[in-house]
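Subject: Structure for you to look at

Dear colleague,

I am handing over the structure below, and I would be glad if you could keep it open while you read the notes that follow.

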Amino acid sequence: MTVEHRLGAVILAALVIYALSGGADYGGGMWDLLARGPRASRQRAAIEHAIGPIWEANHVWLILVIVVLFTAFPPAFATIMTALHIPMTAILIGIVLRGSAFVFRKYDAQHDAVHRRWSTVFGAASFFTPFVLGLCLGALASGEIRVTDGRLSSGFFAGWTTLFAVACGLFAQGLFAFLAATYLTVDTEGEPELQAGFRTRALVSGVLLAPAAALTFVLARDGAPQIFARLTSWWAPLLVAVTSVCAIGALAALWSRRFRWARAAAVGQVMCILVGWGLAQYPHLVIPDLTLSNTATVPSTLHALQSVLAAGALVLFPAFGYLFYVFKRRS
Amino acid sequence: MTDFAFARSQMAMSLAFHIVFAAIGIGMPLLMAIAEGLHLRSREAIYVDLAQRWARGTAILFAVGAVSGTVLSFELGLLWPRFMEYAGGIIGMPFSLEGFAFFTEAIFLGIYLYGWDRIPAVVHWLAGIVVAMSGMLSGVFVVTANAWMNAPTGFEMVDGRVTRIDPIAAMLNPAALQQVIHMVLAAYVATGFAVAAVHAFFLLRDRTNAFHRTAFGISLAVAVIGIPLQMVSGDMIARMVAHRQPAKFAAMEAHYRTEAGAPITIGGIPDDAAMTTRYGLRIPRGLSLLATGDPNASVRGLDTIPRDEWPNARIVHWAFDLMVGAGSAMLAIAAWAGWLWWRRRRVPDDRWLLRAVVVAGPLGLIAIEAGWIVTEVGRQPWIIYGVMRTADAVTPMAGLVVPFVTFTAVYIFLSVILVYLLRRQFLETDPSARRGWQARQEVSRDG
């Protein structure tokens with residue numbers, strides 16, 4: 001494994017962790033917007049309680065992806081940010097409004113009307129942003145973003161305006177909603193009414209994921225031919241099998257109220273999906289022209305970056321461990 | 001306006017917005033850590049009350065800083081893809097280090113803000129120290145990357161291609177140390193003055209209020225210690241710029257014609273066509289003395305720079321004078337406050353001093369904005385000084401008016417809300433309002 005492959009693996013790993021942590025925070029926002037009925041405000045409080053202390057740290061995984069991408073693979077970063085200028089800008093607007101609305105809601109007047117106004121912004125941005133993230137990942141896989149003589153030649157609408165990309169966006173939304181609801185069943189232990197509500201939400205979104213996944217797969221045949229071809233190669237059945245076991249396991253555990261098992265299975269499911277996408281995408285950053293090796297910068301920088309990441313991980317993981325220990329331990 | 005002009009405007013506006021929150025994000029954790037440290041030593045409740053109150057404001061500002069910083073990391077590629085393609089491998093190093101510093105800051109800020117009753121007091125204070133340190137380091141790394149744009153080192157150019165990259169040498173570029181010191185001090189001074197102004201305002205209403213007196217004392221101390229150091233740092237960085245970026249220095253000083261024993265020009269209207277600055281106040285030999293330490297030395301003017309490599313002298317000169325003027329005013333107030341403090345051995349609360357501090361509240365942030373205009377506009381037309389022109393780095397994307405208008409609207413909207421929210425945080429200081437707030441906190445914790 002060369003150094004650029006290791007750094008590619010870091011990008012994928014950071015994306016997986018972002019999906020598992022930050023993604024679930026988006027999902028929390030979606031359920032916040034959908035909170036209805038007599039327990040709506042208690043549901044919102046549970047969501048806020050779950051993501052309040054950690055969402056900012058979770059968000060930094062996305063920044064890490066960006067930074068490693070532009071340090072190690074500068075031409076790929078330049079191409080992606082040019083070709084996907086429009087959806088990336090949309091993501092930024094979503095991130096700004098979502099983060100601000102969340103903190104404004106916490107510190108603004110506690111009247112219901114004010115609370116609802118910020119909840120609406122927070123929730124709408126939580127729906128919108130993962131959808132556009134999905135569009136962008138779909139675009140990278142589509143094979144429609146083309147580079148000729150080192151310059152983007154496919155314009156500003158290629159890849160992300162296809163049905164396949166839309167399916168990826170919807171799938172990302174569904175995945176994050178499912179993940180969040182599953183986490184929340186564990187976070188609301190000791191509050192059976194709330195827990196039951198999140199269990200129902202997790203079951204519904206988990207079941208809906210199956211047709212969404214199937215649709216994305218079918219659309220990939222025309223929308224992302226390389227991904228489709230890879231997902232029908234030798235390792236794919238194995239990965240699909242593990243993913244299915246996780247998905248069914250998560251639903252079964254939710255059904256039988258084994259919420260910690262459900263959470264673990266949902267985490268496994270999301271990891272399998274993203275790793276599967278990464279394997280199908282490999283070795284491309286942008287299919288078909290930009291690969292890890294043809295966009296990597298000079299070895300001196302790659303090695304220095306690798307050392308920084310290793311040293312950073314030594315600081316980061318204990319710190320994260322402590323954060324989750326303080327706020328997620330059983331009280 | 002061209003797409004290029006909109007790209008520059010969007011970047012400038014995003015930086016101008018973010019830098020306020022970045023500076024406060026460096027300064028506030030220091031104030032909170034001091035207050036909480038005093039609590040650990042004296043066990044007086046007022047200090048922990050203060051740290052908690054400051055923490056509420058910091059939480060709001062930090063969140064906006066985090067998201068506006070994310071915007072900038074994307075905008076580097078969205079607006080300047082050719083620059084990132086060229087420079088990403090050279091200056092990615094400080095950005096990745098900044099990523100980890102920011103990670104640490106976000107993690108420990110979460111622990112700090114939400115962990116008051118979950119972890120031991122000393123551990124909580126240490127978490128605050130980690131936030132203060134990592135916040136400062138974030139600033140250090142980002143400014144290091146910016147310094148590289150002013151003093152690009154650590155690579156070689158062969159046939160228009162970048163080779164022999166040494167990312168460590170790029171990070172330790174000759175502008176880095178001076179810029180880092182100047183920015184970190186600026187963050188402490190600006191936060192100190194801004195916070196002191198808020199509490200001075202309340203002290204003017206009620207000078208017996210122990211809460212505001214304590215808060216005023218801590219924030220004023222940081223400002224009073226910081227501003228003289230900042231003036232020294234300013235002198236050092238000016239000499240460095242005079243030596244390394246003569247075009248920027250000449251624009252700062254509105255100095256058109258190279259001469260020995262050059263006067264310093266304060267204010268006035270720089271006129272590129274006539275190559276002179278009209279109506280300015282001139283101090284003979286001042287510029288030679290400032291730039292070299294020798295009143296008779298020759299100082300390069302814009303006349304030694306090719307015409308198409310001039311920065312906009314009016315903007316740079318006026319911004320520079322604004323920064324120095326704001327700094328001088330703060331220094332004067334700090335000297336006054338420090339003198340009263342030393343003579344009376346207690347936090348000074350003279351009515352006129354309090355009024356002056358209230359008026360001086362925004363000066364630190366104004367100086368920061370002006371200083372960034374000096375360094376960024378003064379580097380033009382280069383994005384990497386002497387290596388790559390800003391116009392060659394811009395995205396081929398058309399219609400950049402749309403994101404510019406959108407981000408401007410969003411940031412104006414956020415600013416209005418922030419002013420409103422922070423104002424309410426400040427006003428909620430009378431005891432009855434505080435009890436109400438604590439009761440609500442209890443409810444939300446139980447619920």
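I begin with a loop of chain A, the one between α11 (259-281) and β3 (284-286), where A:P283 has its place. The peptide bond that leads from A:Y282 to A:P283 is cis, with omega near -5°. Please keep in mind throughout that this is a predicted model.

Chain B has a cis peptide bond as well, joining B:Q380 and B:P381 with omega at about 5°, and B:P381 lies in the loop between α12 and β9 (382-384) of that chain.

Two further loops of chain A hold residues with an unusual backbone setting to look up. A:D149, found in the loop between β1 (147-148) and β2 (151-152), has a phi near 50°, which is a positive value in a residue other than glycine. A:R257, in the loop between α10 (236-255) and α11, likewise has a positive phi, near 60°, and is not a glycine either. Are these two residues buried or exposed? A:D149 is exposed, because only 5 other C-beta atoms lie within 10 Å, whereas A:R257 counts as partly exposed, because it has 13 C-beta neighbours inside 10 Å.

Next comes the contact between the chains, in which 56 residues of chain B meet 53 residues of chain A. On the side of chain B that touches chain A, at least two residues each are supplied by α2 (45-79), α3, α5 (167-171), α14 (401-427) and α15 (431-446), and the largest share, 22 residues, comes from α3(B). Divided by kind, the residues of this side are 33 nonpolar, 17 polar and 6 charged.

The helix α3(B) deserves a look of its own. A straight helix of 34 residues would span 50 Å, but α3(B) spans only 39 Å between its end C-alpha atoms, and the helix bends by about 75° at B:G88. It is also mostly covered, with 32 of its 34 residues buried. One of the residues found in this helix is B:L109, which is buried because 27 other C-beta atoms lie within 10 Å and 20 or more are enough for that. Leaving aside residues up to four places away in sequence, B:L109 touches A:E56, B:F62 and B:V131. B:L109 and B:A59 are 50 residues apart in sequence, yet their C-alpha atoms are 8.3 Å apart in space.

The largest nonpolar core has 267 residues, and those that touch the most other members are A:C136, A:A180, B:A23, B:A190 and B:F193. The largest share of this core, 20 residues, comes from helix α3 (residues 81-114) of chain B.

Two of those core residues, B:A190 and B:F193, also appear where α6(B) meets α12(B), together with B:A186, B:V189 and B:A194 on the α6(B) side. Their partners in α12(B) are B:L363, B:G364, B:L365, B:A367, B:I368 and B:G371, and the residues of this contact divide into 9 nonpolar, 2 polar and no charged. The two helices, α6 (residues 176-205) and α12 (residues 363-379), pack at an angle of about 150°, with their axes 7 Å apart. Not counting residues up to four places away in sequence, B:F193 touches B:A223, B:M330, B:A360 and B:G361 as well as B:L363 and B:G364.

With best regards

Technical notes. Residues are numbered from 1 along each chain as its sequence is written. Chains are lettered from A and ligands numbered from 1 in the order in which they are written. This is a predicted model: local features need pLDDT of at least 70, side-chain atom pairs count only at pLDDT 80 or more; totals for chains, interfaces and linings use all residues. A nonpolar core is a set of buried Ala, Val, Leu, Ile, Met, Phe, Trp, Tyr and Cys residues joined through C-beta atoms within 7 Å. A residue is buried if 20 or more other C-beta atoms lie within 10 Å of its own, exposed if 12 or fewer, and partly exposed in between; C-beta atoms are placed from the backbone. Helices (H or I, at least four residues) and strands (E, at least two) are DSSP runs, numbered from the N terminus. Two residues are in contact if their C-beta atoms, placed from the backbone, lie within 7 Å. Ala, Val, Leu, Ile, Met, Phe, Trp, Tyr, Cys and Pro count as nonpolar, Asp, Glu, Lys and Arg as charged, and the others, Gly among them, as polar. The expected span of a helix is 1.5 Å times one less than its number of residues. The bend at a residue is the angle between axes fitted to the seven residues ending there and the seven starting there. Axes are lines fitted to C-alpha atoms, for helices over the stretch in contact, and angles run from 0 to 180 degrees between N-to-C directions.
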